[in-house]
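I opened my notebook to record what I looked up in this structure. The entries are short and follow the order in which I checked things.

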Amino acid sequence: MKDSNSNNSKKRQRKLEDVGAEAEEGDSDRELNKNSNNKKTKNNNTRKKKTTSKDLKGILSSYILLEEEEKQEQEELDRDANEERLFIDSNHRKKTKQMVEYYCSNIQDYCTDLDQTSRKKSRLSAAGAVAVAAAAAAVASGDEKAVSNLRSESTHRRLWVKDRSNAWWDECNSPDFPEEEFKKAFRMGRATFDSICEELNSVIAKEDTTLRNAIPVKQRVAVCLWRLATGDPLRLVSKRFGLGISTCHKLVLEVCSAIRTVLMPKYLQWPDDNAVRKIKEEFESISGIPNVVGSMYTTHIPIIAPKVSVAAYFNRRHTERNQKTSYSITVQGVVDPKGVFSDVCIGWPGSMPDDQVLEKSALYHRANGGLLKGVWIVGNSGYPLLDWVLVPYTHSNLTWPQNAFNEKIGEIQKVAKDAFARLKGRWCCLQKRTEVKLQDLPVVLGACCVLHNICELRNEEMDPEYRFELVDDEMVPEVALRSNASIKARDAIAHNILHHGIGGTRFV
């Protein structure tokens with residue numbers, strides 16, 4: 001038993017010794033491994049440091065090379081810019097020197113020419129003063145021969161006036177010129193033309209001067225009438241009468257202004273009591289409607305689009321009908337049974353309907369002041385029914401009396417419409433856009449109305465070839481009935497027309 005125990009203890013010691021030896025061997029191996037790893041790490045670090053230092057040296061050297069290249073390029077650019085600037089400066093100095101030499105060489109000639117021109121002007125002014133003094137002396141002494149000589153000399157001196165032929169006007173002005181041709185040219189006979197010239201003579205006549213002869217009164221009036229009658233552009237009027245374009249334009253405005261000042265108060269005015277009584281009788285004989293003193297209508301005159309307030313003058317109804325942009329101004333007129341204007345309102349923008357034009361007119365304010373109390377002015381469906389404005393029925397399903405009334409009132413309205421058709425047919429400038437400025441156009445349109453009245457009063461027949469078809473759109477106002485008393489009065493007139501057979505209406 002003891003031997004077995006001692007053997008077992010020996011075996012255990014050996015095992016322990018073996019385990020200890022193995023452990024010591026493992027520790028020594030680990031230490032060797034650690035040492036070898038540390039050496040490798042140190043070697044790697046040294047290699048990395050060597051490569052990093054080499055890379056930095058390469059970057060620094062390349063950066064230095066780039067800086068040197070940039071400096072060289074900048075120096076080359078500066079050198080080129082300096083050479084270019086020097087070249088430009090040298091060229092500028094050369095050109096300046098040449099210009100100075102040129103002007104210095106020619107300044108003397110220019111001064112000489114200027115002195116000669118001033119001497120000529122002084123001689124001409126002195127000669128003109130002498131001529132004026134001589135003319136005054138000749139007129140004072142009554143020497144007609146000397147005056148005629150001075151006029152012929154002044155005619156020869158008019159070298160700056162363009163030579164134009166007025167042969168056509170000389171032919172028209174001769175007594176042998178056919179009357180029919182004269183009417184076609186000026187829309188009136190020679191007697192009417194001479195009467196107008198005589199009435200305007202004191203306003204538009206000019207005196208002759210020593211340098212030029214004044215345009216005669218007849219030629220001045222003829223220029224205006226031809227322009228209004230044909231509507232031709234001013235360049236054609238200039239060729240026709242042998243005058244300058246600006247002169248023709250000035251003559252047209254001057255004569256139209258004289259017509260408005262001298263002839264309008266005489267030929268276009270509201271009738272007096274005796275005339276009103278005759279007008280009532282004539283209109284009643286036409287339609288059977290009593291107390292009618294006028295027939296009213298509003299037409300549109302085309303214009304060029306203005307620079308200011310274009311939308312106000314835009315005529316929407318004409319544009320839609322003609323498929324062409326239209327601008328216009330309005331002319332409202334009241335006529336008597338013969339088609340003679342007794343009142344006109346001119347110049348309101350074409351976008352305004354007829355009822356608004358009426359409210360803006362002087363006639364409306366005079367009527368509200370009591371001028372038209374107890375009388376009627378007949379208008380179309382574009383006007384409202386007022387105490388003094390009589391218009392047709394516009395609603396649907398009209399009764400027999402209302403149809404009869406519309407038929408008779410249409411006959412009165414036709415008088416005004418025909419008068420405006422003759423106005424536009426006789427004076428063709430109203431049919432197309434003119435060259436007259438917008439602010440001058442009312443004067444021209446007023447002159448056309450006055451000339452129309454003169455022709456109508458003197459029974460000047462219009463050639464059928466100048467007949468004009470009048471087309472103006474009627475727009476029923478938003479508030480068409482504005483007076484209860486006038487509604488009852490209109491119904492009474494309609495009843496009276498139908499049931500008393502006035503005027504031979506076809507409904508009876």
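The entries below go from the whole chain down to single residues.

**Ground rules**

I am working with a predicted model, in which local features need pLDDT of at least 70, side-chain atom pairs count only at pLDDT 80 or more, and totals for chains, interfaces and linings use all residues. Residues are numbered from 1 along each chain as its sequence is written, and side-chain values use heavy atoms, with hydrogens and water left out.

**Entry 1: the whole chain**

I looked up the secondary structure and found 16 helices and five strands in the protein chain. Helices (H or I, at least four residues) and strands (E, at least two) are DSSP runs, numbered from the N terminus.

Next I checked burial. Of the 508 residues in the protein chain, 35% are buried. Buried means under 20% relative accessible area, exposed means over 50%, and partly exposed lies in between, with a 1.4 Å probe and protein chains only.

The exposed surface of the protein chain is about 31600 Å², and carbon and sulfur atoms supply 52% of it. Accessible areas come from the Shrake-Rupley method with a 1.4 Å probe; for residues, only the protein chains shown count as cover.

I also looked at contacts, meaning heavy atoms within 4.5 Å. Among those between residues at least 6 apart in sequence, 70% join residues at least 24 apart.

**Entry 2: confidence**

I looked up pLDDT, the predictor's confidence in each residue, from 0 to 100. The average for the protein chain is 82, and 75% of the residues score at least 70. Residues 154–160 stay under 50, and the model has eight contacts for them beyond four places in sequence. Residues 503–508 are also below 50 in pLDDT, and this stretch has 15 contacts beyond near neighbours in sequence.

**Entry 3: salt bridges**

How many salt bridges does a search of the whole structure find? I got 10. A salt bridge is a side-chain nitrogen of Lys or Arg within 4 Å of a carboxyl oxygen of Asp or Glu.

I looked at K266 and E199, whose closest N and O atoms are 3.1 Å apart in a salt bridge. K266 is in helix α8 (residues 245–267) and E199 is in helix α5 (residues 190–204), so this pair ties together parts that are 67 residues apart in sequence. E199 is partly exposed, at a relative accessible area of 22%.

I then took R220 and E254, which form a salt bridge with an N to O distance of 3.5 Å. R220 belongs to helix α6 (residues 217–230) and E254 to helix α8, so the pair ties together parts that are 34 residues apart in sequence. I noted R220 as buried, with a relative accessible area of 7%, while E254 is partly exposed at 28%.

My third pair was K414 and D418, with the closest N and O atoms 2.8 Å apart. Both lie in helix α14 (residues 400–426), four residues apart, about one turn of the helix. D418 is partly exposed, at 29% relative accessibility.

I also noted a network of salt bridges that links R422, R426 and E456.

**Entry 4: cysteines**

I searched for disulfides, each a pair of cysteine sulfur atoms within 2.5 Å. The count is zero. For C448, which is in no disulfide, the nearest cysteine sulfur is that of C429, 4.0 Å away. C448 is buried, at 0% relative accessibility.

Why is C449 without a bond to the closest cysteine sulfur? That sulfur is in C448 and lies 6.9 Å from the sulfur of C449, too far for a bond. C449 is buried, with a relative accessible area of 1%.

**Entry 5: positive phi**

I looked for positive phi in residues other than glycine. S309 has a phi near 55 degrees, and this residue sits in the loop between β1 (292–302) and α10 (310–313). S309 counts as partly exposed, at 45% relative accessibility.

N397 also has a phi near 55 degrees. N397 is in the loop between β5 (389–390) and α14, and I noted this residue as exposed, at 72% relative accessibility.

**Entry 6: a surface patch**

Which residues form a nonpolar patch on the surface? I found L60, Y63 and I64, with about 330 Å² of accessible area together. Patches are made of residues with over 30% relative accessible area and no salt bridge; like charges are joined within 9 Å, nonpolar side chains (Val, Leu, Ile, Met, Phe, Trp, Tyr) within 5 Å. I64 lies in helix α1 (residues 2–141) and is partly exposed, with a relative accessible area of 44%.
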